[in-house]
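Colleague: Please take a close look at the ligand site in this model. Describe the contacts and the shell around the ligand, and then what lies in the core.

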Amino acid sequence: MIRKAKIHEVPEIRRFLGKFSEDGGILPRTLADLYGQLRDYYVYREDQGPLLGIAALHICWAGLGEIRSVAVAPTHQRRGIASRLVQTCLAEARAIGLSEIFLLTLVPEFFQRFGFKVVSREDLLPIVWADCVNCVKFPDCDEIPMVLNLESGI
Ligand SMILES: CC(C)(COP(=O)(O)OP(=O)(O)OC[C@H]1O[C@@H](n2cnc3c(N)ncnc32)[C@H](O)[C@@H]1OP(=O)(O)O)[C@@H](O)C(=O)NCCC(=O)NCCS
């Protein structure tokens, strides 16, 4: 089941994301980040079992959102879980009136399925880069920027 994350799940979310950050696919998040932005996060669990998937929709600016921290446990990948998490984020983005979603990823093939298109870094608003200076990858970021226009009917 996909649902909004709950406050007691923050330590488990941090550990979960930490496993993916070791190979560079996901940026690590501090507890302060997670508590402050918990309302961004969706989780996937089966019954009362362990955390198996996560994704977040973060609001950046007027009309602009970011999908971040999309990850599924290796044991449960290729079952459509990440796709459902991304669709949930996009549904919320539409519901609250966002017009564009961007993300930075090492797996553009996955996000192309939803209509995201690769763009150049210069195409993104400067506000997007505000978090970058605090990132472990700064300034040698290898992530690929992608954008989805929610007003184009995709
Ligand atoms: C990328 C990731 C989130 C996909 O999760 P998932 O639940 O396996 O994805 P889905 O089952 O919804 O995949 C649907 C389709 O997307 C594509 N896809 C999935 N993972 C992919 C990958 N790693 N690379 C390229 N395409 C991929 C496939 O076409 C797949 O369909 P198929 O299984 O019929 O071939 C998962 O591999 C993961 O957690 N990776 C490590 C963290 C990461 O890199 N996250 C993205 C950074 S923002």
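Modeller: A backbone N or O atom of alanine 82 is 3.0 Å from an oxygen atom of the ligand, a polar contact in the sense of a pair of N or O atoms within 3.5 Å. The model is predicted, so local features need pLDDT of at least 70 and side-chain atom pairs count only at pLDDT 80 or more, whereas totals for chains, interfaces and linings use all residues. Residues are numbered from 1 along each chain as its sequence is written, and side-chain values use heavy atoms, with hydrogens and water left out.

A polar backbone atom of arginine 79 lies 3.3 Å from a ligand oxygen atom, and a polar side-chain atom of glutamine 77 lies 3.4 Å from an oxygen atom of the ligand. Of the ligand's own 880 Å² of accessible area (Shrake-Rupley method, 1.4 Å probe), the protein covers 76%. Two or more shell residues come from each of β4 (64–72), α3 (81–95) and α4 (108–112), where helices (H or I, at least four residues) and strands (E, at least two) are DSSP runs numbered from the N terminus.

The ligand has 19 residues around it, each with a heavy atom within 4 Å; Val70, Val72, Arg78, Gly80 and Ser83 come nearest. By class, 10 are nonpolar, five polar and four charged, with Gly counted as polar.

As for the core, isoleucine 101 is in contact (heavy atoms within 4.5 Å) with residues including Leu57, Ile67, Leu90, Phe116 and Met146, leaving aside neighbours within four places in sequence.

Technical notes: Polar contact = N/O pair within 3.5 Å; in protein donor to acceptor, adjacent residues only side chain to side chain.
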